[in-house]
Amino acid sequence: MSTLYVSGKTTADIADSLLAAMRDGTLPPGNPLPAVRVAAQQLGVNPNTVAAAYARLRDAGHVVTDGRRGTRVVEPPERMPHAYAVPQGLRDLASGNVDAALLPQLQGGAATWAALTSSAGYDAPADLPALQAEARQWLSAQGLPCEEIAVFSGTLDAVERALRAHTRPGERVAVEDPCWPPMVALLHSLRLKPVPLSVDGEGVCIPDAGVLAGCTALVLTPRAHNPTGAALSPARWKALRVQLQALPHLLVVLDDHWGPLSAAPLAMAASLPPLWLHVVSVSKFLGPDVRVALGTGSPALLQSMQAQQALGPRWVSRILQGLAASLWRQMRDGSALVQAGGSYAARRQGLVQALAAQQITVAPGEGLHLWLPVADEAAVVQSMASRGWAVQAGGPLRLASAPAVRVSLGGCKPTDMPRLAADLAQALRAPGRAVF
């Protein structure tokens, strides 16, 4: 292996020479760096000097250390796959959108708007007390400690800040499989390696001994898992927590996206792991454009996340926070939250029962989605399209799990379920044939 691009006698000079080789293409993405002892012998320096240079590049995110593969130049981050465009004329059961008819409308007119804008100014609190009060009331009802609550611009913003605070490029993060695609894309963008954990009707499956020990973080959906709808059962959490107790430095992120719409208990509320973050977004019950999420968790972690935020956007728009607080209170006082959650539950139960009549069994769960195992995703998607339905192929949501399709319920009504179930049964049972 040619190592002529490595030069210097100090840690800084060696790191700079390698960085220059990466920038001019001599060391392209994915290429290995020379072994520490080889480079040290060529340069006439102590191997510890070269190792320190490699560590500096690794800490800056330019290289990753990958076991027997050695130290390599990082690959470009993966881009999010293009969003699936629902063909005109099809009922949209693919996008995962909520039902707009169940979202609240701001009441109170000009007086309400004036109240929302009253906190403008650089010296106002970053996190609006009114929103924290709404969140604290709900979090307390879930059994979660909520002495400290931080506000972020959606779930991914909160999770990204937590991972930046706790992980380094090249480390492993365990995620559910199947999984929400933006979460996996986030891991790749941070140069983190997703480790897939299977999911069944009780939530994430317990991994083999040692799997989590090799990870620095674990991202879980405690209920209404996207796409299966599963909730983590108390028994499953008890078994998982045995492993977590032995890993006090493993960050456990709880993405509670269904939050106030959920009827399932939060299995881990009374027995949280040593290092944790709970994130609840308002997008499912207030609408995707209300880009607000609230985080509570281990105090030192929250403080680090808020410090990052203060160096960037500084705070989430207080007008947006006030809007979220007002709409949340409006939905809670008028029982609209209960009604919205009940509406989605009725749709899911209706489809599950209609599928059972077609001899198709679906695991229990809640939320917007059903996950149906299939032999050929493309064939089922095409067959459903021919019947007027757009469903999501499972490929973008899978890491190592078997083929399936996701059916989202925001775009259908209870009266649709018999026909939808019959069409799904036909699509799942239709024999495929090769076309050349």
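1. A good place to start is the pairing of strands S12 and S14 (residues 404-408): they run antiparallel and are joined by 5 bridges. One pair to look up in the viewer is Trp371, whose bridge partner in S14 is Arg406. Please keep in mind throughout that this is a predicted model.

2. Now for the sheet around that pair. It is open, has 4 strands with mixed pairing, and follows the order S3-S13-S14-S12. Strand S3 (91-93) and strand S12 (369-373) are its edge strands, each pairing on one side only. Ignoring direction, neighbouring strands here are turned by 30° against each other on average.

3. Two helices go with these strands. Helix H13 (residues 377-386) lies across strand S13 (389-393) and S14, and its direction is at about 165° to S13. Since angles over 145 degrees count as roughly antiparallel, H13 and S13 can be described that way. Helix H14 (residues 417-429) also packs on the sheet, where it touches S3, S12, S13 and S14. The direction of H14 makes about 55° with that of S13.

4. There is a second open sheet to look at, this one of 8 strands. What is its strand order? Reading across, it goes S4-S11-S10-S9-S8-S5-S6-S7, and the pairing is mixed. At the edges sit strand S4 (150-152) and strand S7 (203-204), each of which pairs on one side only.

5. Within this 8-strand sheet, strand S5 (residues 172-177) and strand S8 (residues 217-220) run parallel, with 3 bridges joining them. If you would like a pair of residues to check, Ala174 has Leu218 as its bridge partner in S8. As a reminder, strands of a sheet pair through backbone hydrogen bonds, either parallel or antiparallel.

6. Helix H10 (residues 299-311) also belongs in this picture. It lies across S4, strand S9 (251-255), strand S10 (276-281) and strand S11 (293-297), and runs at about 45° to S4.

7. Finally, a helix-helix contact. Helix H1 (residues 11-23) and helix H3 (residues 47-59) pack with their axes 8 Å apart, at an angle of about 50°. The two are therefore oblique to each other, and their crossing is right-handed.

8. Which residues make the contact of H1 with H3? From H1 come Thr11, Ala12, Ile14, Ala15, Leu18, Leu19 and Met22, and they meet Thr49, Val50, Ala52, Ala53, Tyr54, Arg56 and Leu57 in H3. By class, the residues of this contact divide into 11 nonpolar, 2 polar and 1 charged.

Note on methods:
Residues numbered from 1 in each chain as written. Predicted model: local features only at pLDDT ≥ 70, side-chain atom pairs only at ≥ 80, totals over all residues. Heavy atoms only, no water. Axes fitted to C-alpha atoms, helices over the stretch in contact; angles between N-to-C directions. Parallel < 35°, antiparallel > 145°, perpendicular 65-115°, else oblique. Left-handed = near helix turned anticlockwise from the far one by under 90°. Contact = heavy atoms within 4.5 Å. Nonpolar A, V, L, I, M, F, W, Y, C, P; charged D, E, K, R; others polar. Pairing = 2+ DSSP bridges.
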